[in-house]
Amino acid sequence: MYIPPGEVQFIENIGDGELIFLAIVDPAWRADDEILGQPPVSTAGVQDPFMAEAIREAELGLSEGGIPIGSVLVRNGEIVGRGHNRRVQEDDPMRHAEIDCLRSAGRIGSYKDCTLYSTLMPCHLCAGAVVQFQIPEVIVGESETFEGADVFMRSHGVRVIDLNHLGCITMMKRFIRENPELWSEDIGTL
C-alpha cells in the first residue's frame with residue numbers, strides 16, 4: 001500500500017489479540033508526527049471542503065446520539081443545504097442525512113446545477129430524491145460499509161464519485177461494530 005507523504009494514516013486493532021505490524025515510510029518517521037489514541041475522523045486529510053463539511057455533519061449526528069452520516073448540497077461553489085441522519089434524534093424513519101439536507105435547503109427551484117455530498121453512499125430512498133430532483137452529481141465519502149444505490153443513480157444518469165475516504169470508512173465501521181442493531185434498523189435489515 002502506498003501512502004503519499006503528508007497524508008494522515010492510522011491503524012486500528014479490531015480483534016482480541018495483540019496487533020503487530022510493519023510500516024515502511026518515506027520520508028522517515030519522526031516522533032513528532034505520531035499521534036496515539038482515536039484515529040482522526042474529522043477533516044484531516046480531506047482535500048474537498050464540501051466533503052469536510054459533510055463529515056462535520058456526520059460527527060454532529062454522532063454527538064447527538066444518532067447515526068454518523070452527513071450531507072451538504074452545493075450550488076455555484078456555496079453550501080445551500082446541510083443535514084445529518086436524525087432518525088434516532090427525531091424518531092423519524094425518513095430523516096436520512098440526504099433528506100435532512102434537502103429539507104434544510106428548502107425550495108430552491110431547480111437542482112440541476114447542484115452537487116450532493118454524502119459521507120456514505122445514499123440508500124434507495126435518498127437516491128430516489130436525487131433522481132426525482134434531477135441532481136446531476138453525487139460525491140460520496142465511501143461505499144465500503146454500505147453499497148447503497150450507486151447502480152440505481154448511475155442508471156438514471158447521475159454522476160457518482162466515490163472518494164473511498166478512510167475517515168468516513170473508519171467512522172462507519174466503528175459505529176456499526178458498536179451499534180449493530182441500530183445500524184440494521186437504519187438500513188432495513190433488522
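Let's start at N85, which sits in the loop between β2 (78–84) and α2 (87–90). Keep in mind as we go that this is a predicted model. Is N85 buried or exposed? With a relative accessibility of 1%, N85 counts as buried. And what does N85 touch, once we set aside its neighbours within four places in sequence? The contacts are I67, I69, R95, H96, A97 and D186. If you have the structure open, try clicking through those residues in turn.

Now to another loop, the one between α4 (124–132) and β4 (137–140), where you will find Q134. The backbone here deserves a look: Q134 is not a glycine, yet its phi is positive, near 55 degrees. As for its surroundings, Q134 is partly exposed, at a relative accessible area of 45%.

There is a second residue to show you on this theme. N164 is not a glycine either, and its phi is positive, about 50 degrees. You can find N164 in the loop between β5 (159–162) and α6 (166–178).

That loop leads us to α6, so let's stay with this helix for a moment. α6 is 13 residues long, and from its first C-alpha to its last it reaches 18 Å. That is close to the expected 18 Å, at 1.5 Å a residue. Which residues of α6 are buried? They are G167, C168, I169, T170, M171, M172, R174 and F175. And what do these buried residues pack against? Two other helices, α1 (49–63) and α7 (180–187).

Last topic, the cysteines. How many disulfides does a search of the whole structure find? The count is 0. Let's take C101 as an example and ask why it has no bond to its closest cysteine. The closest cysteine sulfur to that of C101 belongs to C114, and because the two are 9.4 Å apart, they are too far for a bond. For comparison, a disulfide calls for sulfur atoms within 2.5 Å. Seen from the other side, C114 is in no disulfide, and its nearest cysteine sulfur is that of C101. Where do these two cysteines stand in terms of exposure? C101 is buried, with a relative accessible area of 0%, and C114 is buried too, at 1%.

That's my tour, and I'm happy to go back to any of these residues with you on the screen.

Conventions
Residues numbered from 1 in each chain as written. Predicted model: local features only at pLDDT ≥ 70, side-chain atom pairs only at ≥ 80, totals over all residues. Heavy atoms only, no water. Helix = DSSP H or I, 4+ residues; strand = E, 2+ residues; numbered from the N terminus. Buried < 20%, exposed > 50% of the residue type's maximum accessible area, 1.4 Å probe, protein only. Contact = heavy atoms within 4.5 Å. Expected span 1.5 Å × (residues − 1).
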